[in-house]
Each structure stands twice: as structure tokens, then as C-alpha cells.
Amino acid sequence: MTRVYMDANATTPLLPEVMEAMRPYWIERFGNASSIHLDGQQAHSAVDRARATLAEFFNCHDAEVVFNSGGTEGDNTAIFGLLRPGDHFVTTSIEHSAILAAAERMAAFGVETTFVAPTASGLIDPAAIERALRPETRLISVMLANNETGVLQPVEEIGKIAKAAGAFFHIDAVQGAGKVPLDVRHFGCHLCSISAHKMHGPKGVGALFVRRGTPLEPLLVGGSHERRRRAGTENVPGIVGLAKAAELAMHSLEDGTLVSLAALRDRLEAGILELSGTGVNGAAPQSAPEGWRDNSPGHAQRSPGKEASSDHAPRRGAANSFVHQNLGFPGPDFRTGETTNPNRSFNEESTNPVPRVANTTNIWFDHLEGEALVIALDLKGVAVSGGSACHSGATEPSHVLLAMGLDKTRARSSLRFSLLKTATEADVDYVLKVVPEAVAHLRAISPVAAGTLG
Ligand SMILES: Cc1ncc(COP(=O)(O)O)c(C=O)c1O
């Protein structure tokens, strides 16, 4: 049976080049990067080369790259490594659970968190972040791209707000890495988490950018690995695989792959939207909640911390103009390359599309249970995710969609289609063939559609 995998935001397969790059480090070059003999040296220099590639990927110095086990560890490290009792933490209600659960744990240690809600389109308004600040705010954490909607957040503007307030700024870039260029200097962040398995690299490995001078306590202590910022024998094959995936991702950002991917996603989306009772979460203009923006400054300014001023030449020479042209808000729409009005306010969001990564669309289907549709599509060979997550055996609607103002029924009826970088026209054709069949079948047998349920 044809199988089409459209769940890239959950995980991605290794690209063959990544597999090949990793292969020698499992057997012939198995050395411990800390050993002084030849085997150790080979491993050590592989890690050094990988660090240089990651520094280029982040646009930072080699010494600012810390290898770890992935996005969850990077996110947890930012929170547990910086926040102390009495601190205030600002994040958003649409973050991954690696942030939300860590914030919850910090509550027990006397750290209060403000969760900033998104607009109806899934964007975080920088002014809302600014309003949430307090004199004791030590850390702000906002994701680059949302894993469920693909909506890109205005991290550069938030970086400026953090700098003005003297707060540290962490970006969870797990879903943005490889889909838009990273430029930690331009973003103005102190910390930035990425994960290899979301960008065609191996699972269980990632990296955290740590700006020089950031007083981050390590999560893991033991040996002096990673300049004492993350103890534990380096996962050399994983690190080599991450670097290869990052190198390939940098090429894809420039060779037109992502533009084609956005076109495929748009064709898929348009095809599905031909079905009645459907709509897009996080891109289709929706009206903003009443009174969600007010311009009152309402927060005390703190003098910028020492870390905020330490700017120095990063590994990648010039700032990546692609970032300026294609990422960020207000600004151009990554999907189309159109330049939107830089003076546009968040209130105008209701008439403008919001920027999204190229591979993701999140669609609601009225009169359907998303979970039933996920299963029906799986039986037809298509892998997608629902707008709900299983917590302790109960299916809860997605916290992201609820935060955007969807009611529970619509959130439960939503599906995320996230395309692999290797997706083809034939994949989209197949999905566009089976989705209408599955939707028609499920609606025909749905008591909700038939109006037999209240
Ligand atoms: C936005 C975001 N952050 C963090 C993570 C966690 O990354 P990892 O699976 O590498 O622990 C994920 C994974 O789904 C994610 O989507």
C-alpha cells in the first residue's frame, strides 16, 4: 500500500547523507572524545568539526555551541539553569510541554511564570510580552515556530524587548531550525534550543546555543565535557549526524527546496479547503479577540545586564539577509516572499496572513473527531497528527488551539499535516485523493453531522 508520511513535526527520517556521515563513528571511529590516544583524537576532532558547522548554523562562535540530547534538554536547561527562587519567568501558553512542564516545576521553587496568550491566528504579540514583564523578570522564552500551527513568532522584536528590560531570552527553535535560517545575533537571544530529529538528523541529540557570558548552571554535572556546561560522554555519531543535517538544512534554505515545499503545502491546503466545513488554524485570517492589544507600557525597565551588550563577530560573516527578508513579523511572508507593511500593527492581522514555516498546515474539519480521521487516514496509508494529545489516557484538545480561542469541539476536529523536506507532488496527490474519501465516510456515519447529538 502507498504510504505517505506527513508528520514531519513529530519526527523525520535520516537523510541518506546523514546516515553515511554517522556510520564510521559507530564502529571504526568509536573513540571517546575525551581520550588522549588516536581513537580519542579522531572522535574529538569530529566533534570539533561538528561544532564549527553548528556555529555556522546558529551564526555564533564555536564556543557558544553546547551539544546535548535534544529539544527537551535544551528547553529544560534554559529554565532550570537560569531561574532561581524569587525570579519571574515570562513565556507563552503555546509552548511545547518541555517549557510548560519545566515552568510548572519551577513554581514549587518560588518562580512565578506569566503565560502570554496568542492572538486568534496563533501569533504572540511582542507588546503582550512587554506588558508581562516585571522588575524581577529574569527570563523570557518564546518559540521560533509553533509545532502545531507552524506559525513563526516575532522573536527579533521580543529579543529587543528582552534587551531593553535586561532579561535573558531563550528561543525554542526546535520547529524552526532547518525551515527558516537561524541567526541568534539577529534574534537577540542568549539561548536557543534545537533538535536533530526534527530536521532529518538522528533522535536523542541536539544543541543549545549559549551566548558567551550567560550565567547558566548546567543541568548535568560530572565530567568537564562541553566546557563544563553539560557533563556526559559526547554522543559522537549523533553529533556528527546533527552537523550533517544542519549542513544539508543550510543548503535547502538556499537551493529553493523550501520554496517548493511551501508550494506543495499550499496546494495540499487549498485542495483540502475545497471540502465544506474546513478551515486553517494559524494562518487563515480570523478576527482578533476583543481588546487584546493595549499599548500601555505597564512594566518597569531594568538596566541591560552585562550579557546583553557583549556582541562580537560570530562565525557566519554577514548577517543572513534571508532572515531579514523572509522571517519575522512585521515583515515579509515567508511562504510567498511578499513584503508586508512593516508598520502594520497586530490589529491588522485579521486581514493579513501570518508567517508560517513552509511545511505545516493545521486544518479543522467540522463534524469530525480528529482522532477518527487520523486513524482512517492511517488505514489508507497517510500519517498525520491530530489536534489533541493523550494525557494520562484521556484525549485532551490541543492546548495550542484552545489558547488561540478554538472551542474544544473544533480543536478536537483539527489535524496537522507537516510535510517532509523530501515530499513530492505524488504525495500531495495521494493525500488529496484519500482525505475527501475519509472525510465523506466519517461524516456520513457521524452522529454529530447527522444532528442526532446535542
Ligand atoms: C517546539 C518543540 N520544542 C521541543 C521539543 C522537544 O524536542 P525533543 O523531541 O528533541 O526532546 C519538540 C518536539 O516535539 C518541539 O516540537
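Two strands pair if DSSP finds at least two bridges between them. Keep that in mind as we walk through this predicted model, beginning with a pair of strands.

**Stop 1: strands E5 and E6**

Select residues 137-143, which form strand E5, together with E6; the two run parallel and are joined by 5 bridges. For one of these links, click on Ser141 and then on His170, its bridge partner in E6. Now show E6 alone, residues 168-172: 5 of its 5 residues are buried. Turn the strand around and you will find cover on both faces, with Phe168, His170 and Asp172 buried on one side and Phe169 and Ile171 buried on the other.

**Stop 2: the nonpolar core**

Stay with Ile171 and add Phe58, Ile129 and Cys192: within the largest nonpolar core, which has 115 residues, these four touch the most other members. Next, colour helix H9, residues 236-254, which gives this core 10 residues, the most of any contributor. Then centre on Cys192. Leaving out neighbours within four places in sequence, its contacts are Phe58, Ile171, Ala173, Leu182, Val184 and Phe209. Another core, of 8 residues, lies apart from the big one; select Ala120, Val400, Ala403 and Leu406 to see some of its members.

**Stop 3: around the ligand**

Show the ligand and the 13 residues around it; Gly70, Gly71, Thr72, His96 and Ser195 come nearest. Which helix supplies the largest share of this shell? Select residues 71-82: helix H3 provides 3 of the shell residues. Colouring the shell by residue type gives 8 polar, 3 nonpolar and 2 charged residues.

**Stop 4: two positive phi angles**

Go to the loop between strand E7 (191-195) and strand E8 (206-210), where you will find His200. This residue is not a glycine, yet its phi is positive, near 65°. Is His200 buried or exposed? It counts as buried, because it has 26 C-beta neighbours inside 10 Å. Now jump to helix H8, residues 225-228, and pick Arg228. Arg228 also has a positive phi, about 65°, without being a glycine. With 11 other C-beta atoms within 10 Å, Arg228 is exposed.

**Stop 5: colour by confidence**

Finally, colour the chain by pLDDT. The mean is 86, and 81% of the residues reach 70 or more. Select residues 285-312, where pLDDT stays under 50 and the model has 52 contacts beyond four places in sequence. Residues 317-350 are also below 50, with 66 contacts in the model beyond near neighbours in sequence. Where pLDDT is low, predicted coordinates should not be read in detail.

Notes: Residues are numbered from 1 along each chain as its sequence is written. This is a predicted model: local features need pLDDT of at least 70, side-chain atom pairs count only at pLDDT 80 or more; totals for chains, interfaces and linings use all residues. A residue is near a molecule or strand if its C-beta atom, placed from the backbone, lies within 6 Å of it. Helices (H or I, at least four residues) and strands (E, at least two) are DSSP runs, numbered from the N terminus. Ala, Val, Leu, Ile, Met, Phe, Trp, Tyr, Cys and Pro count as nonpolar, Asp, Glu, Lys and Arg as charged, and the others, Gly among them, as polar. A nonpolar core is a set of buried Ala, Val, Leu, Ile, Met, Phe, Trp, Tyr and Cys residues joined through C-beta atoms within 7 Å. A residue is buried if 20 or more other C-beta atoms lie within 10 Å of its own, exposed if 12 or fewer, and partly exposed in between; C-beta atoms are placed from the backbone. Two residues are in contact if their C-beta atoms, placed from the backbone, lie within 7 Å. pLDDT is the predictor's confidence in each residue, from 0 to 100.
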